[in-house]
Amino acid sequence: MASEDVKASESAVTTIVNLAEEAKLAREGVKAPSLAILSICKSLVAGGVAGGVSRTAVAPLERLKILLQVQNPHNIKYNGTIQGLKYIWRTEGFHGLFKGNGTNCARIVPNSAVKFFSYEQASKGILYLYQQQTGNEDAQLTPLLRLGAGACAGIIAMSATYPMDMVRGRLTVQTEKSPYQYRGMFHALSTVLRQEGPRALYKGWLPSVIGVIPYVGLNFSVYESLKDWLVKARPSGLVEDSELNVTTRLACGAAAGTVGQTVAYPLDVIRRRMQMVGWKGAASIVTGDGRSKAPLEYTGMIDAFRKTVRHEGFGALYKGLVPNSVKVVPSIAIAFVTYEMVKDILGVQIRISD
């Protein structure tokens, strides 16, 4: 009850301040900025920054994960997290650890911005419908409803930026010995369009959509549910003035990332393999070294699952899980904390500038 009173008081104060600021601007003959637009911009910027920072921090592990997922099983070059990172350092240098990160950031910034913004808007819409249905204006989102909002946000964001993710996968797999080199994101996009057609930019989209539902949905659901539970339970030292400290937010983000990535990982492996299909002059890591080595060929998602399990065993669906586990926990945690911190900073700056 105390926390509700505090929130109510803060809401009332904020409303009064906003009305006063709009009145001041009206007296000066200036059109007041829409608080809704400011809120949207704040969410977009915070989401973009959060995505860029988190992905850059774990870029070497992200590249190694993709290499493990798609490497030819008859020509193993990367065998484990430590060995794989050492091999990249030895053969490609420091730059090799971050290959494809520029494209990844170019993709993840708008992806994260759209995802976080979509989640907030979907949550508001679902909550409104839920309150109308139950007739309880004080009703809050349940974990299942948060899962639905997170899934909607993930599908919208992933679909909007999928072509960039597809070429990012190919750029990441390239090595200095690859028979054909994409020179960058735009060159890769134009080459794929010219050689394989526009549909090729959405190879692996279906397993991505299916995987996004548990992955993003569980991320948001677990994170928000843990936050609410901790605020209500108020364990000693973890809650400060009805707000979680940074360390606790990191722990919540880490738990959310672990649950989401474990459930959806096999679909991520299949998605990456499908993205490599039809690549003329595919990287040596995909085709293997030597003329007798053939590239990956699948007719669809089910065929990819069947061939992967039949030729490489069930464990192949979890190739790269170790570096991904090491990567996804800090990545998701950093993304959530950065998002909330940037929103707080932008909120202060907007009030000061006004």
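**Helices, cores and buried polar residues in a predicted model**

With a relative accessible area of 34%, T258 is partly exposed, because this value falls between the 20% limit for buried residues and the 50% limit for exposed ones. T258 belongs to helix α9. The C-alpha atoms of T258 and K327 are 10.0 Å apart in space, although 69 residues separate the two in sequence. The model described here is a predicted one.

The protein chain contains 12 helices and two strands. Along the sequence these elements follow the pattern α-α-α-α-α-α-α-α-β-β-α-α-α-α. Of the 354 residues of the chain, 48% count as buried. Among the contacts of the protein chain with a separation of 6 or more, 76% are made by residues 24 or more positions apart. The accessible surface amounts to about 17,500 Å², and carbon and sulfur atoms account for 64% of this area.

Helix α9, in which T258 lies, comprises residues 246-276. A straight helix of 31 residues would span 45 Å at 1.5 Å a residue, whereas the end C-alpha atoms of α9 are only 40 Å apart. A bend of about 55° is found in α9 at Y265, and a proline, P266, follows within four residues. Of the 31 residues of α9, 22 are buried, so this helix is largely enclosed by the rest of the structure. One of the residues of α9 is Q261, which counts as buried because its relative accessibility is 5%. The side chain of Q261 forms a polar contact of 2.8 Å with the side chain of N324. After the end of α9 comes G278, with a positive phi near 85°.

Helix α8 (residues 205-233) provides a second case in which span and bend can be considered together. Its 29 residues should span 42 Å at 1.5 Å a residue, and the distance of 41 Å between its end C-alpha atoms agrees with this. Nevertheless, α8 bends by about 35° at V212, and a proline, P214, follows within four residues. Just after this helix, R234 adopts a positive phi of about 50°.

The largest nonpolar core consists of 51 residues. Y78, V167, V173, V192, W279, I285 and V286 have the most contacts inside this core. The greatest contribution to it comes from helix α6 (residues 143-173), which supplies eight residues. Apart from this core lies another, of eight residues, including L267, I270, V277 and M301.

V192, one of the residues with the most contacts inside the largest core, is also among the buried residues of α7. Neighbours up to four places away in sequence aside, V192 touches M166, V167, R170, Y182, G197, A200 and L201. Helix α7 (residues 185-196) has 12 residues, which should span 16 Å at 1.5 Å a residue; its end C-alpha atoms are 16 Å apart, in agreement with that expectation. Along with V192, the residues M185, H187, A188, L189, T191 and E196 of α7 are buried. The elements that cover the buried residues of α7 include α5 and α6. The helix is followed by G197, whose phi is positive and near 90°.

Helices α5 and α6 each contain a buried threonine. In α5 (residues 101-134) this residue is T103, which counts as buried because its relative accessibility is 10%, under the 20% limit. Apart from residues within four places in sequence, T103 is in contact with M164, V167, R168, L171 and M185. T103 and G169, which are 66 residues apart in sequence, have C-alpha atoms 9.3 Å apart in space.

In α6 the corresponding residue is T172, which counts as buried because its relative accessibility is 2%. A polar atom of the T172 side chain lies 2.7 Å from the backbone oxygen of R168. An α-helix has 3.6 residues a turn, so residues three or four places apart point the same way. Leaving out residues up to four places away in sequence, T172 touches R63, I66, L67, K99 and G100.

Key. Residues are numbered from 1 along each chain as its sequence is written. This is a predicted model: local features need pLDDT of at least 70, side-chain atom pairs count only at pLDDT 80 or more; totals for chains, interfaces and linings use all residues. Side-chain values use heavy atoms; hydrogens and water are left out. The expected span of a helix is 1.5 Å times one less than its number of residues. The bend at a residue is the angle between axes fitted to the seven residues ending there and the seven starting there. A nonpolar core is a set of buried Ala, Val, Leu, Ile, Met, Phe, Trp, Tyr and Cys residues joined through side-chain atoms within 4.5 Å. Buried means under 20% relative accessible area, exposed over 50%, partly exposed in between (1.4 Å probe, protein chains only). Contact means heavy atoms within 4.5 Å. Accessible areas come from the Shrake-Rupley method with a 1.4 Å probe; for residues, only the protein chains shown count as cover. A polar contact is a pair of N or O atoms within 3.5 Å; within protein, one must be able to donate a hydrogen and the other to accept it, and residues adjacent in sequence count only if both atoms are side-chain atoms.
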